[in-house]
Amino acid sequence: MSTGSAHTEIAIHRSGAQRMGFFTDTTVCIGCKACEVACKQWNDLPADGSVPGKGASYDYTGDLSASTWRHVRFVELLEPSPQLREEAQRALESGGGNKFPAIPASGAIDLVDAAQAGDGAADVAEAVSKMGDWVFMSDVCKHCTNAGCLDACPTGALIRTEHQTVVLQPDVCNGCGYCVPACPFGVVDRDPQDGRAGKCTLCYDRLEDGLEPACAKSCPTDSIQFGPHEELVEIASRRVARLHERGIEGAYLYGAGDEPDEQLAGGLGAFFLLTEPPELYGLPAQADSPVQENVVPATLAAVGAGLLASAGAVIAFVAAGRLSRRRPVRESW
Amino acid sequence: MAEAHPVGFRWVMKAKERGARVIHIDPRYSRTSQLADTYVAIRAGTDVAFLGGIIRHVLETESYFRDYVIQYTNASTIINEQFRDTEELDGLFSGFNPDTGLYDRSSWMYEGGEVASAAGVREHSTESFNERTGAGMMMGNVERDETLQHPRCVFQILRRHFSRYTPEMVERICGVSREDFMAVADALITNSGRERTGMFCYANGWTQHVEAVQMIRTAAILQLLLGNVGRPGGGIMALRGHASIQGSTDVPTLYDLLPGYLSMPRAREGHLTLEDYIDTGGADRGWWSFFDTYIISPLKAWFGDAATKQSDYGFAHIPKLTGNHSHYATMLRALDGGVDGFFVMGQNPAVGSAHSGLQRRALAKMKWLVVRDMAEIETATFWRNSPEVQSGELRPEEIQTEVFLMPAASHIEKEGTFTNTQRLVQFRDKALDPPGDARSELWFMHHLAKRVKAHYAGSDRDRDWPIVNLKWGYPEHGEMREPDVEAVLKEINGYEVASGRPLSSFTELRSDGTTACGCWIYSGIYEAGVNQARRRRPGDIAAEGGTVSPEWAWAWPANRRILYNRASADPQGKPWSERKRYVWWDEEQGRWTGYDVPDFPADKRPDYRPEPDARAMDAIGGADPFMMMADGRAWLYTPSGLLDGPLPTFYEPVESPVKNLLYPKVGTDPATIRWKRPENPLHATGDPRYPVVATTFRLTEHHTAGGMSRSVPWLVELQPEMFAEIDPQLAADRGIENGGWMTIVTERAEIEARAKVTDRLRPLRVEGCVVHQLGLPWHWGYSGLSRGDTTNDLGVLTADPNVSIQETKSFTCDVRAGRRHRASTARLAGAALRGHDVEPSEDDPLAENPKEASE
Amino acid sequence: MTPSGSRPRSFESLRRVPVIGRVMDWGMGPSAASERTRRAEARIAGMKVTESVCPFCAVGCGQLVYTRAGELVDIEGNPRSPINQGTLCPKGASSRQLVQQPGRLTKVKYRRPGGSDWEELELERAMDMIAERMIAAREDGWQDTDRHGWRVDRTLGLAHLGGATLDNEENYLIKKLFTAMGAIQIENQARI
């Protein structure tokens, strides 16, 4: 039986093959969703409808699914809370900027708890300073080193390729769905029509002809980079260092560059450069075992993200902001 | 830019990685704002005040690029003593006639100069390039004061004109804090001068205003003061919104233009000859001295052997304008029953044109309508499911409009050229035949022309002369009998009549009928019989100067990538700095050289100085980079060409919640075109019923009026519904919930949308009150896979006096919670039918509805 | 940091035995590539490719259009274009579906005066009808002179509004024919 540290076997061998992956740098993502469309175009995936009721967001995709293999998540730090702003206005009154007109006083301040629980006004001030933030992140299958889905698959439909990517073979899949809960990231989903699972193949077919995956190719700002995993990690680490130099101290890698025993799911083939705590992007803080001992269920992550869409969620946001300040760099995650 | 031109933004992001500072100024926080270093929220329509404030700051702090300003602009030129500025006349320039709403512009002239008289010609908007650059202007002996001290020199006039545009005033008008304003001003100043350049990018946020031209002019003045024109990394970049919208003005389908920005002739008393036209359209100095060759060559291309000196090249048969015949004026005529038939090709006015309810009612008044498109767009189905039909105002059985909906070929099913936003003309190869009966517009026009020519063959009526003699010999190929696109391109390029040899450049054009050329600025695109637009050698863009990619496609004019690039070198012809070298004088070779094609006579020495009586290009000195202008200088002050002022002046939008702080007596631009009609009601300034400012915008996931995106499932799922962005304070005040329905109301219409309550829009504090702004995407209509209310139903028809564009980027409205209770345009039901026993205006509806009559 | 190599060859061959091999795969991670997976290749390999330009905004991104036997298979960014270097935005990336859109028109639709529905019309017949109407409108709205008696030599009977996705060559023919017919109300999205 496999264990937490075991590597799943490579099903296809090709001499000279090396681990390939995605490095998704959220700091240059413009939220255009070219990756979503390019993926559907190449993989002939149908438009599968929109998720309604996302409020102020431009994200109608909602989540990855059997027919949506790239998803641009809009982290709505711009969600409204007049009370927050009023409170913040007071907290910031020494600043004197007074860029917003006074907002009529309102009795209920939903941030009192948050402010009292933490460092008080300073947290709110930071929350407001971040209200100019609207973070975009293109989510995708992580192609984990320890892939829960692959371990759970009883049919051999999920395999690890010569590129050490995890590919789902639709001609083998029987639609049992064991892979779905086995994924700590909520990536795998079953098609409501034929029941078979579907997810990103890292464009296995294109790779066979030396083409880069459709999403990475289309990305207008190179937020999605494709290449040998080792090289990408190097590029990404340099990028983090550069961002730190520029004062973006919250930048860190999610899923790469950690100590071996701290790697998320043993390390992610598709990893990310983030500037906010992972929960804000709907990503679990931990996902380190293919036998799913220690997994933050994807649903929980989703709930976390959903919470943020409500005014009350700013509490979570402020709290998370503190967390990220205490442990600003990747090691924490 | 990230929002509507994501791939263009690729290069902004690369520049940002290299240290460029990105500033985004917009009423709403968009995806672009998120990626910018600085975001400044501004009240819609106040850009002239904002930019004017920076101009003042640059002048007062002497931060302008002095050498550039003195040598390359008309800063030192002395203006006619009759001229009076808006500061002296409470917001009007000298020459205003309140009865006509028009300016007599003679007092705006340079001292010693004059404008050729065009007696009897009624002034109206025109986009012609020659008129904009001083055509018809006789320079005489222009006086200059290079110390810039003369009280009537442009520099001092400019200083006085903007003297009250202080940071405090900017804050009070625009709602931009002094800190933010100063941050922008400082960034611009820091990034200009010899070593650095800064660039402005704009899109419809500037163009869709009644003061559109002047907004862009303000940026031009600022860029000239900072020395940012004609230099790499400088300039003003129009981010145009359609694949070949640039081409649509170059090779125009615009009422006031002939190909290459030549003006359409205007009716006048007596017989208008070609010579008259050339006299008023050309210039005795500078590039427009070649004007005669530019107009005779297309006449030769159109009328072939019949275009002779004896026949005045057929010029008399070119139809003449008597006023404004722009799109909106035409639709008003149609509403009055004055237009029988309408061709709509790849366009969707039922959704995309302002006051679209009025557009649809006008369609119902036509005898026939031809729509060419790939999908069943709203314009083609107005008789079936428009809001006016849904409300019962119009009944299909009573709509007599005959509709032909013609299937069109897609971009890969035909070959031809698009001209992109950088004037780069790129040829597309054809991948497939169009399906079924779908055809290209080239096919359509060609086979229509053949039928028309057959009908009139042999006619000896005078009016049929241009059809009978129309040269139309394009070869056909394939089963579909598609005309040969390269034959058309060759005609656009021009050829020697006797030999058929394609011309290499417009410098080969002649005024004696020996050359034919469809569009002079495109001459050279088929040089040596080779389709230059099909060149696909990118070169090494990492090399020094490599980003010019001169062998990737072809740019007009003459494959130049940066216009007026002579200005990238100093008066002596040396690059202003090594960092910014682009085009320079090579003394050894005795030529201008560089990374780009020099925009200057190749062998004109930098130290060449014209004799006082020099004419044509001999009158342009070697240190006068702006050779299209009669004085070779860039114009800070525009003595001729614009109808609403030689300098930009801040006027409030036509619909505004607040009064004009700078010019309370005038308020809005006095020269604005307003069509005063019962079905075009306008909100008065400060109308308490409509306190909210609305501005329209585009989403990354959709395209214009939706004809190319609401039929594409992959795009529809990404943005499936019409929404409005509203700030939290206004939403709370009106009980509008995030994600809930809201209704937006104007005198023209009311539409419903899902509310996005968001800080992307922020209330602004503007002199004495809080202004709330509403963001409205305008992609939706009543057809397609995704349907929703049409934002343009809300708008009013008013227009910029210079170019007749509508003001959709700023109008007033009100909002309320919940859905609308009736059809969107029901409030104007019947208005379009009332009071129209008037005869349709034969030329200019504006003239039929004089301002004074209804004001 | 990469995973270890494969299992022994003998083990690998055992996996190919029916039933046993499949049982071995269950829940144990190692599994086999299917025939389809082994044959995977980019479906555009070896196909006819045509260089085009995106029809949406004015940036002018280069596109590569892959076709097989008259069928459109794929449209993606042209890596050689110095404008977009292979990238596309969501609209550009959706171009194939624009061409293959579910409601794509392939036949002329005709709505007669007062009609309540579309009728189908042969293309050549439609062209004849349009030409007739256009000529009639020209004559109907013809003016030799305006109300001041100034020569205008024009017709106000017909108008045109073009989108800005038309080719330059198309615009040229539009302006040329309509001007020769005396029509002046020839306009474009560029005004709007």
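In the predicted model, C:Ser116 touches B:Pro396 and B:Glu397, leaving aside residues up to four places away in sequence. The residue lies in the loop of chain C between strand 4 (108-111) and strand 5 (119-121). With 12 other C-beta atoms within 10 Å, C:Ser116 counts as exposed, because the class takes residues with 12 or fewer such neighbours. C:Ser116 is separated from C:Arg43 by 73 residues in sequence and by 45 Å in space, taken from C-alpha to C-alpha.

The contact between chains B and C takes in 132 residues of chain B and 99 residues of chain C. On the chain B side, helix 19 (residues 441-456) supplies the largest share, ten residues. By class, the chain B residues that touch chain C comprise 65 nonpolar, 46 polar and 21 charged.

Strand pairing also links the two chains. Strand 13 (residues 402-407) of chain B pairs with strand 4 of chain C in the antiparallel sense, over three bridges. Within strand 4 of chain C, C:Arg111 is the residue that stands opposite B:Val403. Strand 4 of chain C also precedes the loop that holds C:Ser116, which runs from this strand to strand 5. In general, the strands of a sheet pair through backbone hydrogen bonds, in either a parallel or an antiparallel sense.

Helix packing was examined for one pair that spans chains B and C and for one pair inside chain B. Two packed helices are described by the angle between their axes and the distance between the axes. For helix 19 of chain B and helix 6 (residues 123-140) of chain C, the axes come within 10 Å and cross at roughly 55 degrees. The two helices are therefore oblique to each other, and the crossing of helix 19 of chain B with helix 6 of chain C is right-handed. From helix 19 of chain B, the residues that meet helix 6 of chain C are B:His447, B:Leu448, B:Arg451, B:Val452 and B:His455. Their counterparts in helix 6 of chain C are C:Met127, C:Asp128, C:Ile130, C:Ala131, C:Met134 and C:Ile135. The residues of this contact divide into seven nonpolar, two polar and two charged.

Inside chain B, the axes of helix 12 (residues 274-281) and helix 13 (residues 291-303) come within 9 Å, with a crossing angle of roughly 135 degrees. Helix 12 and helix 13 of chain B are therefore oblique to each other as well, and their crossing is right-handed. B:Tyr277, B:Ile278 and B:Gly281 in helix 12 meet B:Phe291, B:Asp292 and B:Ile295 in helix 13. Of the residues in this contact, four are nonpolar, one is polar and one is charged.

Helix 17 (residues 378-385) of chain B is largely enclosed by the rest of the structure, since seven of its eight residues are buried. The buried residues of helix 17 are B:Glu378, B:Thr379, B:Ala380, B:Thr381, B:Phe382, B:Trp383 and B:Arg384.

Chain B also touches chain A, where 35 residues of chain B are in contact with 32 residues of chain A. Elements giving two or more residues to the chain B side are helix 1 (6-17), helix 2 (31-35), helix 22 (713-716), helix 23 (728-734) and strand 27 (750-757). Helix 1 of chain B gives the most, with five residues. The chain B side of this contact has 17 nonpolar, eight polar and ten charged residues.

Chain A has eleven helices and ten strands. Of its 333 residues, 57% are buried. Among contacts in chain A with a separation of 6 or more, 68% are between residues 24 or more positions apart.

Chain C contains seven helices and eight strands. Buried residues account for 54% of the 192 residues in chain C. For chain C, 30% of the contacts between residues at least 6 apart in sequence join residues at least 24 apart. The chain also has an open sheet of three strands, in the order 1-2-3 with antiparallel pairing. Strand 1 (48-53) and strand 3 (71-77) of chain C are the edge strands, each pairing on one side only. From one strand to the next, the twist averages 25 degrees. Strand 1 of chain C is joined to strand 2 (residues 62-68) by six bridges, and these two strands run antiparallel. The bridge partner of C:Thr50 in strand 2 of chain C is C:Val65.

Notes:
Residues are numbered from 1 along each chain as its sequence is written. Chains are lettered from A and ligands numbered from 1 in the order in which they are written. This is a predicted model: local features need pLDDT of at least 70, side-chain atom pairs count only at pLDDT 80 or more; totals for chains, interfaces and linings use all residues. Helices (H or I, at least four residues) and strands (E, at least two) are DSSP runs, numbered from the N terminus. A residue is buried if 20 or more other C-beta atoms lie within 10 Å of its own, exposed if 12 or fewer, and partly exposed in between; C-beta atoms are placed from the backbone. Two residues are in contact if their C-beta atoms, placed from the backbone, lie within 7 Å. Ala, Val, Leu, Ile, Met, Phe, Trp, Tyr, Cys and Pro count as nonpolar, Asp, Glu, Lys and Arg as charged, and the others, Gly among them, as polar. Two strands pair if DSSP finds at least two bridges between them. Axes are lines fitted to C-alpha atoms, for helices over the stretch in contact, and angles run from 0 to 180 degrees between N-to-C directions. Angles under 35 degrees count as roughly parallel, over 145 as roughly antiparallel, 65 to 115 as roughly perpendicular and the rest as oblique. A crossing is left-handed if the near helix is turned anticlockwise from the far one by less than a right angle, and right-handed if clockwise.
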